[in-house]
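Student: Could we go through this model together, one question at a time? I'd like to see the reasoning behind each answer.

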Amino acid sequence: MQRYLLQRIFFIVFSLFGATLLAFTASRLAPGDPLRLMAGEQNLPQEVLDEWRTRYGLDQPILVQYGYYVANALQGDLGKSYHYVGTDVTELLGPAIVVTLTWESVAIVFAIVVAVFLGVVSALAYNTWIDTSAMTVALLGISLPDFALATFMILLFALKLDWLPVAGYETPAHFVLPAITLATRPCALLSRLVRASMLEVLHQDYMTTARAKGLSSRTVIIRHGLRNALFPVLTVIGILIGRILSGSFIVETIFNIPGIGRLGVTAVLQRDYPVILGATLALAVAFLLSTFVIDLLYGVIDPRIRTTS
Amino acid sequence: MTDATSSRIKTLGSSRPSSPWLDALRRMGRNRTALVSAIFLFCLIIVAVFAEFTAPYDPTLADFAAIRQPPSLEHLLGTDEIGRDMLSRIIYGARISLFVGVFVQVVATSFGVLLGVVAGYYGGIFDTVIMRAVDIMYALPNFLFAVFMVSLLKPDIGSVLLTLSLSTWPFSARLMRGQVLATKNADYIIAAKALGMRDGRIIMLHVLPNAITPIIIQFTLGIATVIMAEAGLSFLGIGIRPPNPTWGAMINKGREFIRTSPHLAIYPSIILGLTMIALNFLGDGLRDALDPRMKEVG
């Protein structure tokens, strides 16, 4: 187990280095002098630009610059924004991460609860109209692009019915449409998986045994069925959470939510490379951590994995 | 083989006269949703390829006398914010979407399959290097990477194709490697090696055919993902530039007028949604047809 943990941590650190190095190199090879971008409209003399170049280490080779970047990042310093001159990247990232985590955790919980419910019901009602219609809805959910779904929902619930706000981030009511938009795809994918997994479990011997013991059907389905059916689903949940955390650019842009996704997209449009790098780093950490936590959970839930590794 | 089956093969004109493929084709024919999806996609491709003949108007021709008109006999799907014909723009948009989807999947899948085979078949240092690269690509937030890359390059269709190919190959590489590992130690491959067959021939004749089913499925479903990613880029205003009609850009532009003229956003959303649904149904149908074992489970 210890060896396995070490391997996983090494893997995370390695992936982080790889991902940031790639993003870092790309940002340095980008066209346009970052100093000109920083200077913005002002016409600064060459001496000032040269002074800045040395101060920001931009005259060094890329790998050296990357070394500085990593050394500073380890001390919690991700550099300063080019666009909002003088503002630390971490100052921009911090609040954005809090916002994103808040509204996306609503979406994640929503997706998992609905998916497990739909999947189990479909499996129990295998091949009936309930099953077929639930799975058709799921396939529709997988297919609809999030911005198309968001457009339809804004039109219906915000403009025609006037039940919910169009965009913004003030009250919990503002969370509803973006959370549904974001949750739909993962929820649809998961419900299909839960159903398949549950169908497999339902025919296992221990289910027959549990029923033969005279347990109530609810106990059999939840304690014996669902618990076993959720193992294979767990990995996918981990990946989906990672994807949700790293996939809210469009939804946050549409609903004007000041989270990490909108920050990342705006930074790209403004060529604000330090902020782009910071967002990439934060999202990569979120993705790797969520898969790591799920791996650990596996060991907690399934004792077989603990003992064999 | 009996006469009856061989004649059927001839009528179907299959280049592979093996019965598993024929069985798959027959199963596919019985799946009504998959069949309807295939027909829909076929029609869409035809209309898009011959856009010059099928589109009633020039998609970039502005008519300021007819701005944001609702659907009428003259303009079946109405006109947009500068009076361009919506139907024509959607048809030309289909051409871009389908082209990007298929092109990126062909490039990315070929590349991914090649790397996956090398990693799985030869193992060792090849496996380590390729799979670590795949891990890094998985850790990178995919869409941000695409947005970032396109913004670094020229905003045209070339950079969109390059960027999406770059962020798509790891999926088929990982899938292919798993497939190769699963078949590598099968008796028929060991036998082929013992008979002195060269690696290239073993890969082409024995490894690939046995690993190709999930790749075909992933190829189809992947087209949907790529089209969606391109639409997402266009939606954010990065990538293929106006006045080129793309579905994503049309939906984005239409959102500005959603209160007064909802048809500007709705029609491109519907056609994009239908295309996604058809591709997913087709992918699902292919999975059931090519891999009957999956059907029994789910």
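Student: Happy to begin with a backbone angle: which residue follows α5(B), and what is the sign of its phi?
Tutor: Keep in mind that this is a predicted model. Right after α5(B) comes Gly123(B). Its phi is near 60°, so to the question of sign the answer for Gly123(B) is positive.

Student: And helix α5 of chain B itself, how many Å does it reach from its first C-alpha to its last?
Tutor: The helix covers residues 86–122 of chain B, which makes 37 residues. At 1.5 Å a residue one expects 54 Å. The value in the model is close to that, at 53 Å.

Student: Which residue has a positive phi although it is not a glycine, and where does it lie?
Tutor: Look in chain A, at the loop between α11 (249–254) and α12 (260–269). The residue there is partly exposed, because its relative accessible area of 41% falls between the 20% and 50% cut-offs. With a phi of about 55°, the residue you want is Asn256(A).

Student: Nice. What kinds of elements make up chain A, and how many are there?
Tutor: Going from the N terminus, each element in the run is an α. There are zero strands in chain A. The helices number 14.

Student: What share of the residues of chain A count as buried?
Tutor: Chain A has 309 residues, and its C-alpha trace spans about 85 × 60 × 30 Å along the principal axes. Its accessible surface comes to about 15,300 Å², with 66% belonging to carbon and sulfur atoms. Of the residues, the share that counts as buried is 46%.

Student: Now the two chains together: how much area is buried between chain A and chain B?
Tutor: The size of an interface is often given as the accessible area lost when the parts come together. Here 49 residues of chain A are in contact with 42 residues of chain B. Carbon and sulfur atoms give 79% of the buried area, which totals about 3,900 Å².

Student: Which side chains meet in a salt bridge between chain A and chain B?
Tutor: The count between these chains is one salt bridge. Its N to O distance is 3.0 Å, within the 4 Å cut-off. The two partners are Arg192(A) and Asp284(B).

Student: Is Asn280(B) buried or exposed?
Tutor: This residue sits in helix α12 of chain B, residues 263–290. Leaving aside neighbours within four places in sequence, Asn280(B) is in contact with residues of both chains, including Leu139(A), Ile142(A) and Leu221(B). Its relative accessibility is 9%, under the 20% cut-off, so Asn280(B) counts as buried.

Student: Which helix of chain B gives the largest share of the nonpolar patch?
Tutor: The patch is formed on the surface by Phe42(B), Ile45(B), Ile46(B), Val49(B), Phe50(B) and Phe53(B), with about 630 Å² of accessible area together. One of these, Val49(B), has a relative accessible area of 47%, over the 30% that patch residues need, and is partly exposed. Four residues of the patch come from one helix, residues 32–49, and that is α3.

Student: One last distance, please: how many Å apart in space are Leu22(B) and Ala38(B)?
Tutor: Leu22(B) has its place in helix α2, residues 19–30 of chain B, and at 8% relative accessibility it counts as buried. In sequence, Leu22(B) and Ala38(B) are 16 residues apart. In space, C-alpha to C-alpha, they are apart by 17 Å.

Technical notes: Residues are numbered from 1 along each chain as its sequence is written. Chains are lettered from A and ligands numbered from 1 in the order in which they are written. This is a predicted model: local features need pLDDT of at least 70, side-chain atom pairs count only at pLDDT 80 or more; totals for chains, interfaces and linings use all residues. Side-chain values use heavy atoms; hydrogens and water are left out. Patches are made of residues with over 30% relative accessible area and no salt bridge: like charges are joined within 9 Å, nonpolar side chains (Val, Leu, Ile, Met, Phe, Trp, Tyr) within 5 Å. Accessible areas come from the Shrake-Rupley method with a 1.4 Å probe; for residues, only the protein chains shown count as cover. Helices (H or I, at least four residues) and strands (E, at least two) are DSSP runs, numbered from the N terminus. Buried means under 20% relative accessible area, exposed over 50%, partly exposed in between (1.4 Å probe, protein chains only). The expected span of a helix is 1.5 Å times one less than its number of residues. Contact means heavy atoms within 4.5 Å. Buried area is the accessible area (1.4 Å probe) that two parts lose on being put together, summed over both.
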